[in-house]
Amino acid sequence: MPQTNQALDDRALLDRAREAAESAYVPYSRFPVGAALHLRSGVIVTGCNVENASYGLTICAERTAVTRMVAQSTDPGERQIVRVAIIGLKASPCYPCGACRQVLHEFGCQQVIVEESGEPRAHRFSELLPFGFGPSDLA
Ligand code: THU
């Protein structure tokens, strides 16, 4: 079940991402990644990377989390991402790839939390995707 906790701090959100990374399916890269989305509603949705023998079909942790988010509720507040925490069990900090930045932008993500030397580090989303193209550009 989704967890609701508006006050979840950066460290706790990173811990949710770390826990999600433990489920990663990474027989090829052996590079487990976890992502935890904090939604406007307060709900937390997590995801891990899922690889494939046809390498290009790999789904990153962030996009697993976003597709879970969409599939689990049609409530607009549960489709708005306030921030995302990302953990790579083998690399720190682990920043989202370009494709994931675009997908996170679609749902309004405002902040990205990564871990550096064991400490949470927060970035404004616009630092990672300046001049991003999103839904409002089509309005
Ligand atoms: N990966 C993610 O899950 N998220 C990222 O933002 C970076 C890369 C995954 C994809 C692949 O399974 C592994 O990390 C190595 O690229």
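This section describes the helices, cores, side-chain pairs and backbone features of a predicted model.

Helix 1 covers residues 10-21. Its 12 residues should span 16 Å at 1.5 Å a residue, and the end C-alpha atoms lie 17 Å apart, which agrees. Buried positions in helix 1 are Leu13, Leu14, Arg16, Ala17, Ala20 and Ala21. These residues sit on the same side of helix 1, because their arc around the axis is only 155 degrees. Ahead of helix 1, Leu8 occupies the loop that follows strand 1 (3-4). Leu8 has a relative accessible area of 11% and is therefore buried, the limit being 20%. From Leu8 to Asp137 the C-alpha distance is 32 Å, with their positions 129 residues apart in sequence.

Helix 2 runs over residues 61-72. For its 12 residues the expected span is 16 Å, and the 17 Å between its end C-alpha atoms agrees with this. Ala61, Glu62, Thr64, Ala65, Val66 and Met69 are the buried residues of helix 2. Their cover includes strand 2 (33-39), strand 3 (43-48), strand 4 (81-88) and helix 3 (98-106).

The largest nonpolar core contains 21 residues. Within this core, the residues with the most contacts are Leu37, Leu39, Met69, Ile81, Val84, Leu104 and Val112. At least two core residues come from each of strand 2, strand 3, helix 2, strand 4, strand 5 and helix 4 (125-128). Another core, of nine residues, lies apart from the largest one. Leu14, Ala17, Ala36 and Ile87 are among its members. Two of the residues named there, Leu14 and Ala17, also appear among the buried residues of helix 1. Met69, in turn, is one of the buried residues of helix 2.

Val112 illustrates the packing of the largest core. Neighbours within four places in sequence are left aside here. Val112 is then in contact with Val84, Ile86, Pro96, Arg121, Ala122, His123, Phe125 and Leu128. Of these partners, Val84 is listed with Val112 among the core residues with the most contacts.

Five salt bridges are present in the structure. One of them joins the side chains of Asp15 and Arg18, at 3.1 Å from N to O. Both residues belong to helix 1 and stand three residues apart, about one turn of the helix. Asp15 is partly exposed, at 38% relative accessible area. Arg18 is also partly exposed, at 27%. A further salt bridge connects Arg18 to Glu115, again with 3.1 Å between the closest N and O atoms. This pair links distant parts of the chain: Arg18 is in helix 1, Glu115 is in strand 5 (residues 111-116), and 97 residues separate them. Glu115 is buried, with a relative accessible area of 15%.

Arg121 and Glu116 form another of the salt bridges, with an N to O distance of 2.4 Å. Arg121 counts as partly exposed at 37% relative accessibility. Glu116 is likewise partly exposed, at 29%. Shared partners join Asp15, Arg18 and Glu115 into one network of salt bridges.

There is one aromatic pair in the structure. Tyr28 and Tyr55 make up this pair, with ring centres 5.4 Å apart and planes at 40 degrees, a tilted arrangement. Tyr28 is in the loop between helix 1 and strand 2, while Tyr55 is in the loop between strand 3 and helix 2, so the pair ties together parts 27 residues apart in sequence. Tyr28 is partly exposed at 39% relative accessible area. Tyr55 is exposed, at 58%.

Several backbone features fall in loops. The Ser92 to Pro93 peptide bond is cis, with omega near 0 degrees. Pro93 belongs to the loop between strand 4 and helix 3. Arg30 is not a glycine, yet its phi is positive, at about 50 degrees. The loop between helix 1 and strand 2 holds Arg30. That loop also holds Tyr28. Arg30 counts as exposed, at 55% relative accessibility. Ser117, another residue other than glycine, has a positive phi near 50 degrees. Ser117 is placed in the loop between strand 5 and strand 6 (119-124). At 70% relative accessibility, Ser117 is exposed.

Definitions and conventions. Residues are numbered from 1 along each chain as its sequence is written. This is a predicted model: local features need pLDDT of at least 70, side-chain atom pairs count only at pLDDT 80 or more; totals for chains, interfaces and linings use all residues. Side-chain values use heavy atoms; hydrogens and water are left out. Helices (H or I, at least four residues) and strands (E, at least two) are DSSP runs, numbered from the N terminus. The expected span of a helix is 1.5 Å times one less than its number of residues. Buried means under 20% relative accessible area, exposed over 50%, partly exposed in between (1.4 Å probe, protein chains only). Contact means heavy atoms within 4.5 Å. Rings of Phe, Tyr and Trp (its six-membered ring) pair if their centres lie within 6.5 Å; planes under 30 degrees apart count as stacked, over 60 as edge-to-face and the rest as tilted. A salt bridge is a side-chain nitrogen of Lys or Arg within 4 Å of a carboxyl oxygen of Asp or Glu. The arc is that of the directions from the helix axis to the C-beta atoms. A nonpolar core is a set of buried Ala, Val, Leu, Ile, Met, Phe, Trp, Tyr and Cys residues joined through side-chain atoms within 4.5 Å.
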